[in-house]
Amino acid sequence: MSLSRLSVELIPRSADALRDDIAAVKQLLPAADTLNIPDLMRFPLRSWDAAAQMQPLFPRIVPHVRAIDIAPDAPLPGANQPGLEEVLVVHGDPPADLAHRTYRNSTESIIRRYKKEAPHLRIYAAFDPYRRAPWHELEEIARKKEAGAEGFFTQPVFDLKLFDLCREWLSGETVFWGLSPVIGPRSRSYWETTNRVVFPKDFVPTLEANITFAQTVLKSLATDKGHVYLMPLRVKLEQYLPALQAVLSE
């Protein structure tokens with residue numbers, strides 16, 4: 001059983017921490033062929049700089065770029081970075097530090113800049129079935145495609161019924177389906193309040209239940225060579241990744 005691509009999202013807390021996490025991914029989840037790295041304001045290491053430093057260890061890396069951080073006359077992050085092939089453009093949340101300057105860019109405007117100024121890069125955009133009405137999100141997907149997006153990374157999914165519905169909506173698109181463990185009430189509350197996630201009534205926030213759900217999704221996507229990214233937040237990699245590698249090795 002195999003996927004077309006399997007990515008693991010790693011937090012760029014520091015270069016040393018990333019090296020340790022990459023070593024763990026290689027050992028625990030050898031099926032992974034890609035990393036994606038978010039750009040988080042609370043850490044000094046920018047995602048594209050992290051990608052440049054880590055490419056000797058893991059050549060396929062997709063850094064996230066926040067559209068609202070890019071000044072109109074500033075160079076695009078990663079545009080001339082040797083070895084970089086892909087970038088995920090997200091809109092970006094307003095920074096907690098008000099001294100951090102942002103700009104009134106749309107995701108689409110930055111995607112267009114990348115397609116014009118760095119046409120060699122494959123550009124991905126985000127899909128989130130929770131933040132607004134589905135028709136609104138699908139209209140935005142169409143705008144992102146028109147701007148030049150060649151694929152999408154989804155907000156993590158936690159519901160098989162919603163997963164199947166979104167799969168139908170995005171049929172024919174290149175989609176990295178997100179999976180992230182939600183362990184305990186605090187983690188569940190984070191997703192509900194920050195990301196507006198609506199969990200199914202039978203959702204159980206335990207490691208075992210989350211692993212079972214992820215295994216089910218992986219098996220489903222492997223039937224048509226789908227794409228997946230794992231976001232192992234607040235869980236040790238050795239507790240989560242080996243069980244997913246096991247199902248991919250069947």
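Okay, let's start with two rings: Phe-153 and Tyr-229 are both buried. One caveat before I go on: this is a predicted model.

So, how are those two rings arranged? Phe-153 comes in at 3% relative accessibility, which puts it in the buried class. Its ring centre sits 5.3 Å from that of Tyr-229, and the planes are at 45°, so we call the pair tilted. Phe-153 belongs to strand S6 and Tyr-229 to strand S8, residues 227–230, so this pair ties together parts of the chain that are 76 residues apart in sequence.

Now let me widen the view to the other aromatics. The structure has 10 aromatic pairs. Another one that uses Phe-153 is its pair with Phe-176, and that one is stacked, with 4.4 Å between centres and 10° between planes. Here the link runs from strand S6, residues 151–154, to strand S7, residues 175–179, and the two residues are 23 apart. What about burial for Phe-176? Its relative accessible area is 0%, so it counts as buried. There's also an aromatic cluster, made up of Phe-158, Tyr-190, Trp-191, Phe-199 and Phe-203. Hang on to Phe-158 and Phe-203 from that cluster, please.

Next, the empty space. How many cavities of 30 Å³ or more turn up in the whole structure? Just 1. The largest cavity holds about 50 Å³. Around it you'll find Phe-158 and Phe-203 again, along with Val-157, Leu-179, Ser-180, Pro-181, Asn-210, Phe-213, Ala-214 and Tyr-240. Which element gives the most to that lining? That's helix H7, residues 207–222, with 3 residues. By class, the lining has 8 nonpolar residues, 2 polar ones and no charged ones.

On to the second largest pocket, with a volume of about 260 Å³. Its lining includes Phe-158, Phe-203, Asn-210 and Phe-213, and those four names are also on the cavity list. Also on the pocket wall are, among others, Asp-159, Lys-161 and Asp-202. The class count here is 7 nonpolar, 2 polar and 3 charged. Helix H5, residues 160–169, and H7 each put in at least two residues, and H7 has the largest share, with 4.

Last stop is a different part of the chain, around Glu-86. This residue is in strand S4, residues 86–90. Buried or exposed, would you say? Glu-86 is buried, at 5% relative accessible area. And what does a glutamate side chain do in there? One polar contact goes to the side chain of Arg-5, at 2.6 Å. Another, at 2.7 Å, goes to the side chain of Tyr-124. If you skip the neighbours within four places in sequence, Glu-86 touches Arg-5, Ile-61, Val-62, Pro-63, Leu-121, Arg-122 and Tyr-124.

Strand S4 comes up once more with helix H3, residues 107–117. In H3 the buried residues are Thr-107, Glu-108, Ile-110, Ile-111, Arg-113 and Tyr-114. And what covers them? The cover includes S4, plus strand S3 (61–66), strand S5 (122–127) and helix H4 (134–147).

So, two things to look at on the screen: the side chain of Glu-86 with its polar contact to Arg-5, and H7, which gives the most to the cavity lining and has the largest share of the pocket lining too. That's me done, questions welcome.

Methods. Residues numbered from 1 in each chain as written. Predicted model: local features only at pLDDT ≥ 70, side-chain atom pairs only at ≥ 80, totals over all residues. Heavy atoms only, no water. 1 Å grid on protein atoms, 1.4 Å probe; cavity = no way out; pocket = protein on both sides within 12 Å on 5 of 7 lines; lining within 4 Å. Points joined across faces, edges and corners; volume = space filled by probe spheres on them. Nonpolar A, V, L, I, M, F, W, Y, C, P; charged D, E, K, R; others polar. Buried < 20%, exposed > 50% of the residue type's maximum accessible area, 1.4 Å probe, protein only. Polar contact = N/O pair within 3.5 Å; in protein donor to acceptor, adjacent residues only side chain to side chain. Contact = heavy atoms within 4.5 Å. Phe/Tyr/Trp six-rings, centres within 6.5 Å; stacked < 30°, edge-to-face > 60°.
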